[in-house]
Amino acid sequence: MRTLRRRPILRLAPALLAFTLAGVGALAAPAPGETAPPRVLTLEIRRAITGGTAEYMLGGLRKAQAEGFDAIAFSLDTPGGQLDATREIVQAMLESPVPTILWVGPAGARAGSAGVFLTLAADVAAMHPTSNIGAAHPVTGSGKDVEAEAGKDMAKKVENDTAAFARSVAKANGRNAEWAEKAVRESVSVTADEAVKFKVVDLEAGDLRAAIEAAHGRTVATGGKGAKSVVRTKGASLEPLEKTVRQQLLSFLADPNVVALLMLLGTLGIAIEFYNPGLIVPGVVGGFALFLAFVAMRIIPVNVGAVILVLAGVALLVAEAYVQTHGIAGLGGAACVVVGTMFFIDKSSADYQFDPGALTISPWVVWPTPFAVAVVLGFMGWKIARGRRAPLQLGPTALVGSEGQVLSDVSPAGGEVFVHGEYWQARSAAAIPKGARVRVAGVEGLTVVVVPAGENG
């Protein structure tokens, strides 16, 4: 009877479970007419635009497309950067099917040189009220005009090509192409309110969130094929994209000050290993630092001649410890390190157009570093010279004058002593009893000649 009563309840169990799940689903799902909040991927761009920056931004654009983000937003503050890396980023932004939003900020930020092209390439461009944009004329690493270092023909070619690039990017998003060309040819720069007035950017915004909210409802061309889409960012959830370890390393190595220090640290580590063979750690650290420095040289343009000067300078500093040059080698080495560090960035290559302040070596690296290297190597040289003047601590010569203990009676016929941490056959002019203290007066083959401790031999 109990079994018969339970069967109707058991039959209803699946139906009750389905009803419960449906109720939970109804509570979780948006109400009729409601949609899930839009998602925006955010990236932060700081400092010079390099190959590492390009990898980070291109990775973000791919992620936004693959994971169905409603938009991708960039926060930008840069003095400039590599023209080839900039072209790669701009091309990806113009072809992105996901709407791109770029905000020049925070307060006091700038979109200089390469930053102009990135701003023009965004579907929606905004600026902090205190920021500025412009000065996109191509220059070399030294800040000089291309004509001064690469010739008139090359300068004209680079300028015309860059101006055409700026115009095409501006036209693609309906912005002021004439101003974009002036930014290249005349290095003009404008404030945020002027940029909005001249239709260089779309609006001013106090922060990235405000820029993203203001972009909502705008119709933009995406995908590089003229397709139109409406930006949907109202109440969006922002998901920041962190740099990978590789991208962080590339950004770290893109700083020429870091590269110069790595080069000096590497050569110093190798020099210390030469000074004290077998220490291992300085050699390993130095080798790794040099490896990172050589990797960085593929990220930023480095003057090979300057690298040779730095290496030669450290070699001269090392030689000062081994060869008596009365400081001439040391002074020459310090001078080579200083000059090599000052000219570490390649300033003659027309393949790299940087803003003058984008990549520079700090005076705090140029001047104190050679002095510190000279002090370290000088100290080590002094220690080596002092060690050379000290008595030998190995071999028969080191035994003379050492004291020990008699293990068996010593006489002219022989005996055994323990001296200098070793067991030795010994003899003496007079008998010396077991247990007495003795001093080594000489060494004859594998036998030591001893006298009682305190007695002159």
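In which sense do strand 14 and strand 16 pair, and over how many bridges? Strand 14 and strand 16 (residues 447-452) pair in the parallel sense, over three bridges. The legends below describe this and other close-up views of a predicted model.

**Figure 1. Overview of the chain in the predicted model.** The chain has 457 residues, and 44% of these count as buried. Its secondary structure comes to 17 helices and 16 strands. The accessible surface is about 23500 Å², and carbon and sulfur atoms account for 61% of that area. Among contacts between residues at least 6 apart in sequence, 65% join residues at least 24 apart.

**Figure 2. The open sheet of six strands.** The strands are arranged in the order 8-5-3-2-1-11, with parallel pairing. Strand 8 (203-204) and strand 11 (237-240) are the edge strands, and each pairs on one side only. Strands of a sheet pair through backbone hydrogen bonds, either parallel or antiparallel.

**Figure 3. Strand 2 beside strand 3, with helix 4 packed on the sheet.** Strand 2 (residues 71-77) and strand 3 (residues 100-104) run parallel and are joined by five bridges. Helix 4 (residues 114-121) touches strand 2, strand 3 and strand 5 (124-127). The direction of helix 4 makes about 140° with that of strand 3. Within the strand pair, S75 stands opposite W103 of strand 3.

**Figure 4. F74 and the nonpolar cores.** The largest nonpolar core holds 50 residues. Which of them touch the most other members? They are I72, F74, I89, M93, L118, I133 and W179. A second, separate core has 16 residues, among them V124, A205, V220 and V231. Leaving aside neighbours within four places in sequence, F74 is in contact with L43, M57, L61, M93, T100, I101, L102, W103 and L208.

**Figure 5. The hairpin of strand 13 and strand 14.** Strand 13 (residues 414-419) and strand 14 (residues 422-427) run antiparallel and are joined by four bridges. Two residues lie between the two strands of this hairpin. H420, in the turn, has a positive phi of about 60°. E416 stands opposite Q425, which belongs to strand 14. Strand 14 also pairs with strand 16, in the parallel sense. In that pairing, R427 stands opposite V449 of strand 16.

**Figure 6. The surroundings of S411 in strand 12.** Strand 12 spans residues 403-411, and S411 lies in it. Is S411 buried or partly exposed? S411 counts as partly exposed because its relative accessibility is 22%, while buried means under 20%. Not counting residues up to four places away in sequence, S411 touches R427, S428, A430 and A431. S411 and R427 are 16 residues apart along the chain, and their C-alpha atoms are separated by 5.5 Å.

**Figure 7. The salt bridge between E55 and R246.** A search of the whole structure finds 14 salt bridges. In the one between E55 and R246, the closest N and O atoms are 2.8 Å apart. E55 lies in helix 2 (residues 51-66) and R246 in helix 10 (residues 245-253), so this pair ties together parts that are 191 residues apart in sequence. E55 is partly exposed, with a relative accessible area of 24%. R246 counts as exposed, at 52% relative accessibility. Side chains of opposite charge can pair when their charged atoms come close.

**Figure 8. Salt bridges of helix 6 and helix 7.** R167 forms a salt bridge with E178, the closest N and O atoms being 4.0 Å apart. Because R167 lies in helix 6 (residues 152-172) and E178 in helix 7 (residues 177-185), the pair ties together parts that are 11 residues apart in sequence. R167 counts as partly exposed, at 23% relative accessibility. Where do R185 and E181 lie? Both are in helix 7, four residues apart, about one turn of the helix. R185 and E181 form a salt bridge whose closest N and O atoms are 2.8 Å apart. At 30% relative accessibility, R185 is partly exposed. Through shared partners, salt bridges join E159, R167, E178, E181 and R185 into one network.

Notes: Residues are numbered from 1 along each chain as its sequence is written. This is a predicted model: local features need pLDDT of at least 70, side-chain atom pairs count only at pLDDT 80 or more; totals for chains, interfaces and linings use all residues. Side-chain values use heavy atoms; hydrogens and water are left out. Two strands pair if DSSP finds at least two bridges between them. Contact means heavy atoms within 4.5 Å. Axes are lines fitted to C-alpha atoms, for helices over the stretch in contact, and angles run from 0 to 180 degrees between N-to-C directions. A nonpolar core is a set of buried Ala, Val, Leu, Ile, Met, Phe, Trp, Tyr and Cys residues joined through side-chain atoms within 4.5 Å. Buried means under 20% relative accessible area, exposed over 50%, partly exposed in between (1.4 Å probe, protein chains only). Accessible areas come from the Shrake-Rupley method with a 1.4 Å probe; for residues, only the protein chains shown count as cover. A salt bridge is a side-chain nitrogen of Lys or Arg within 4 Å of a carboxyl oxygen of Asp or Glu.
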